[in-house]
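Student: I should like to learn how to read salt bridges and nonpolar cores in a protein model. May we work through an example together?

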Amino acid sequence: MSKVFQQKNHTVNALKNIHCTIYQGEMVAIMGTSGSGKSTLLNMISAIDEPTEGELFLFGKRAQDVYKEPNASKFRKENIGFVFQSFHLLKDLSVEDNIALPLILNDLPSKEIKVRVHQIMEQLNIEAWRKHRPTELSGGQQQRVAIARAIIANPPILLADEPTGALDVNTTDEILQLLVQLQKNMNQTILLVTHDPYVATYANRVLFFHDGAIVDSYQNNKTHEDLDCILTKFKLITRGDS
């Protein structure tokens, strides 16, 4: 896919002929400098924005007309879960009501919503906070709630945009281990945007972006060497030596 933004006096090539395959049940980290096209790619995959050229294939089938409403909203509801750096929880709702929102929007019966919310809160160990407001929780606790909300409707794809960017080191480990657990236990496909090489070590594979293109990749071996290899590649890309 390619994406061109037409400005008043110039054009911006945000994505340049991106071609990649993400496998079901795989966690892929997307790394790159600011403005390299990482978030633009997530917007294409989630049908928030339409590519200038190219097509999206989901489970081997071309996603026809996915960028036109109401198809785009339906596509996101059925296929995409979002996790953000700033959590995006509704401060006036309780934890359980925040988590229930996707199911409410899908018009599920209230009894089924109650059961599924309880199950997901138990799975993520957040049952004790069910009546709390987001402002009463720590950053790590809020991110757990945001992840619960993202996966409550069982989306096949989870898009996480800097999910640990606002967290301390210990809480970052906790959230990353939770994502790995979801990947293994639920066969969850996860695309994880990050600037942090350490965060990228938790993924199966790393795609390196620079100036709107995929310029390198790395397959994690789950050894101590992964961090050094990722950091070396990221330094080269940052210097423009890729």
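Student: Is Glu96 buried or exposed?

Tutor: One should bear in mind that this is a predicted model. A residue counts as buried when its relative accessible area is under 20%. Glu96 has a relative accessible area of 12%, so it is buried.

Student: With which residue does Glu96 form a salt bridge?

Tutor: To recognise a salt bridge, one looks for a side-chain nitrogen of Lys or Arg within 4 Å of a carboxyl oxygen of Asp or Glu. Here the partner of Glu96 is Lys131, and their closest N and O atoms are 2.4 Å apart. Glu96 belongs to helix α3 (residues 95-105), whereas Lys131 sits in the loop between α4 (110-123) and α5 (139-151), so the salt bridge ties together parts that are 35 residues apart in sequence. Lys131, at 55% relative accessibility, counts as exposed.

Student: Which residues are linked with Glu96 and Lys131 in a network of salt bridges?

Tutor: The network also takes in Glu127 and Arg130. These two form a salt bridge with each other, the closest N and O atoms lying 3.0 Å apart. Glu127 is partly exposed at 25% relative accessibility, and Arg130 is likewise partly exposed, with a relative accessible area of 26%.

Student: How many salt bridges are there by this rule?

Tutor: The count comes to 13 salt bridges. Another of them joins Lys233 to Asp216, with the closest N and O atoms 3.0 Å apart. This pair links distant parts of the chain: Lys233 is in helix α8 (residues 225-238) and Asp216 in strand β10 (residues 213-219), 17 residues apart. Lys233 is partly exposed, its relative accessible area being 22%, and Asp216 is partly exposed at 29%.

Student: Let us turn to the nonpolar cores. Which residues touch the most other members of the largest nonpolar core?

Tutor: In a nonpolar core, buried residues of certain kinds, among them Leu and Ile, are joined through side-chain atoms within 4.5 Å. The largest such core in this model has 46 residues, and Ile99 and Leu124 touch the most other members.

Student: Which residues does Leu124 touch, not counting residues up to four places away in sequence?

Tutor: With those neighbours left out, Leu124 touches Arg144, Ile147, Ala148, Ile151, Leu178 and Leu182. There is also a second, separate core of 24 residues, and its members include Leu41, Leu56, Ala63 and Leu191.

How values were computed
Residues are numbered from 1 along each chain as its sequence is written. This is a predicted model: local features need pLDDT of at least 70, side-chain atom pairs count only at pLDDT 80 or more; totals for chains, interfaces and linings use all residues. Side-chain values use heavy atoms; hydrogens and water are left out. Helices (H or I, at least four residues) and strands (E, at least two) are DSSP runs, numbered from the N terminus. Buried means under 20% relative accessible area, exposed over 50%, partly exposed in between (1.4 Å probe, protein chains only). Contact means heavy atoms within 4.5 Å.
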